[in-house]
Amino acid sequence: MTEPTHTPKPVAPTGATLAGGPLPEPMPSAPPRSQWVDVWHQFRHHKGAMAGGIVFLFIVLAVFLGPYLWDLDPSKIDFRARNNGPTWAHPFGTDQLGRDMMARLMAGGQVSLAVGITAMLLALFLGSLVGILAGYFRRLDNILMRITDLFLALPLLPLLLVMVLLFREPLSATFGIETGIFILIVTAIGVTSWMPTARIVRGDVLALKEREFVLAARSIGTTNLMMILRHILPNVISPIVVSATLGIANAIITESALSFLGLGFPPDFPTWGRLLFDAVDYMQQNPERVVMPGIAISLTVLSVNYLGDGLRDALDPRIRGR
Amino acid sequence: MLNFTIRRLIIAVPTLLFIAVVIFGLLQLAPGDPMAQVPLTVPPEVKERMREALGLGQPIHIQFWKWLVQFFWVEPQVLIDHIFGSHFADGKLRVLSWQTRSPVMDIVVQRMPQTLWVVGMSYIVGILIALPIGIYSAYRQYSIFDQLGTFIAMIGFSVPTFFTGVLLIVIFSVNMDHGSFWWFPSIYDTTLKVTDWASFGQQIRQMAMPVTVLALYNAAQISRFMRASMLDNLNQDYVRTARAKGVGERAVVMVHVLRNSLIPVVTVIALGVPQVFGGAIITEQVFKVNGLGQLLIGAIEANDLPMVQTLTFIFAVLIVLFNLIADVLYGILDPRIRYD
């Protein structure tokens, strides 16, 4: 494979010709910029991505730092203030047990975001591992890609439901209810969503492997492990970053869907999906209770999707600079 | 092409077998006991006999083999009997649900029409919305229409169906005046029989909300693919050639470009069909449509293993089948693609 952008540079002029030569090398006017500075410049011009990034950052801060400012206990029951609409004491109202909705939304957001991010990391790790192994080692390619195809042919949502239902008891018994369910849901989502990443990474690795710099690295005796860590991985980081954002969105939606079907976290352990599910029964009295967690989920996913869109454009050198 | 189709069909067999094994293996780990609902007054030895009657006493591989035989050998015979009135399957054991003790496939056949009506209709509506939007926003790239379309599509696949569904219920069932034209039922009534115009209208009304929710979600995805595919083709040389030789703008876009851009979109649509069945599980739950998705949720909650096994496997068959259909369609529609 030849590189189209590579043009042979003239041999560096020697000292004598440098001063009075007919064609002196032009001095670069600006210091060289790293790839990430370029990416940031491109990213800043994508309005949607900037807005998405800011909104996502805001949600993360509100959810993780908010409880320090709004220090009501999300599980404190107050029967005298049941099913309240928005008041000054409870800006987002209270639920059927008089628990403060604002505190519950923050607590729920912590769980939802934590599940989303952890599950995404797991899926990313599995996907990159399978993709790099399949792309780099020819002998593993066939079998790993067959497995990927098999996973893609599985009906994921039904299997996810079955998995969550089956392993709920044993895992809660070993790790405690909250940690057990957390591990279960993160693993279930991670194990069922690594396939697209694996396919993209494999394709990129297959192309990278034939490039000259890999050959050059091999000629100086780079081991396979170092080759992957030093040369392959940094070059496939952009598709991985893009699928990371899509992975968060996917994981948050899947977790809320599971909670919404009543198969996610237990009732006293709020997540956005669970809050929405619980609010459906009180839809006639307090419709705003349905709307708030729904908007929280949608806004997070929307902002992450825009972020991913902008990152994809920023990381694609063919679009960059346009 | 035929060769390719046959080869893919042969590969599909081990794939499906493997999936069946995976599902069966997962379900074998299930902690639930199908006898849990039986009253405590039933003596243990009777319980043991009931357990054996369900086929639970045997080793796992025999149970799996029996399920395979029942699903792939007995059920087709039942189907043939049903169509031709023959008696192949008489007295043979079918896949039985533990909940109802009746054949799983009979229940599936009962539930199928609701799912097909609601989900199928929503997919068709979604496609009908998505194609014009995709075409127009690609033709006027970066126009206000395109920006708006992009934004709405982004919202469409960011907002989960369980939220749009509940939101529609809040607006059109809860807050709307019951006598108003804009009031829609939030629960799908399966017993409604369409006999005249009034009941037909009722049927349309009760389908309106679930179909809207799913159609929006599908339209968002398909319109993005349509737009990207149109953009790819609009910049091709043949478009310039067509314009240069004086073909009308309408014919250039609607005949030359559209036909070429539909090729990948058609395969995407085919690939999406099984996912629609999966995604419909949630929408069916929201609007209480007693279709296949609700059947699956109910079976999972009731620990009805044969039902879960059969339904999940049917979903898997759909996925493999539509993957194959998408590949074959691609080959048929695009003569540049050669599989051999």
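Let's start at the place where the two chains meet: between chain A and chain B, the rule finds zero salt bridges. Keep in mind that this is a predicted model. Polar contacts across the interface are scarce in the count too, with one residue pair in polar contact, both residues at pLDDT 80 or more.

So what does chain A bring to this meeting? By class, the side of chain A that touches chain B has 29 nonpolar, five polar and one charged residues. Salt bridges are defined here as pairs between Lys or Arg and Asp or Glu, and you have just seen that chain A offers one charged residue on this side.

Which helices of chain A do the touching? At least two residues each come from α5 (138-153), α6 (156-175), α11 (237-260), α12 (272-280) and α13 (287-315) of chain A. The largest share belongs to α13(A), with twelve residues.

Now for the size of the contact. Chain A puts in 35 residues and chain B puts in 38 residues. Together the two chains bury about 3,300 Å² between them, and carbon and sulfur atoms give 87% of that area. Three leucines deserve a look on your screen: L150(A), L166(A) and L261(A) supply 15% of the area that chain A buries against chain B, more than any other three residues.

Next, let's look for empty space inside. Rolling a probe the size of a water molecule over the atoms reveals where such space is left. Searching the whole structure this way turns up two cavities of 30 Å³ or more.

The largest cavity holds about 60 Å³ of space. Which residues line it? From chain A come V162(A), L165(A) and L166(A), while chain B gives L27(B), A299(B), I300(B), N303(B), D304(B), L305(B) and V308(B). You have met L166(A) already, as one of the three leucines in the buried area. Among the elements, α6 of chain A and both α10 (292-301) and α11 (305-333) of chain B give two or more residues to this lining. The biggest giver is α6(A), with three residues. Sorted by class, the lining has eight nonpolar residues, one polar and one charged.

The second largest cavity has about 40 Å³ of space. Its lining is made of D95(A), Q96(A), R99(A), M101(A), R104(A), L275(A), D278(A) and R289(A). Two helices of chain A, α4 (101-136) and α12, each supply at least two of these residues. What classes do the residues of this lining fall into? There are two nonpolar, one polar and five charged ones.

Charged residues bring us back to salt bridges. Side chains of opposite charge can pair when their charged atoms come close. Over all chains, the structure holds eight salt bridges. One to find for yourself joins the side chains of D149(A) and R146(A), at 3.6 Å from N to O. Where do these partners sit? Both D149(A) and R146(A) are in helix α5 of chain A, three residues apart, which is about one turn of the helix. That helix, α5(A), is also among those that supply residues to the side touching chain B.

Finally, step back and take in chain B as a whole. How many helices and strands does chain B have? It has eleven helices and zero strands. Follow chain B from the N terminus and you pass one α element after another. Along its principal axes, the C-alpha trace of chain B spans about 85 × 60 × 40 Å.

Notes. Residues numbered from 1 in each chain as written. Chains lettered and ligands numbered in written order. Predicted model: local features only at pLDDT ≥ 70, side-chain atom pairs only at ≥ 80, totals over all residues. Heavy atoms only, no water. Contact = heavy atoms within 4.5 Å. Buried area = accessible area lost by both parts, 1.4 Å probe. Salt bridge = Lys/Arg side-chain N within 4 Å of Asp/Glu carboxyl O. Polar contact = N/O pair within 3.5 Å; in protein donor to acceptor, adjacent residues only side chain to side chain. Helix = DSSP H or I, 4+ residues; strand = E, 2+ residues; numbered from the N terminus. Nonpolar A, V, L, I, M, F, W, Y, C, P; charged D, E, K, R; others polar. 1 Å grid on protein atoms, 1.4 Å probe; cavity = no way out; pocket = protein on both sides within 12 Å on 5 of 7 lines; lining within 4 Å. Points joined across faces, edges and corners; volume = space filled by probe spheres on them.
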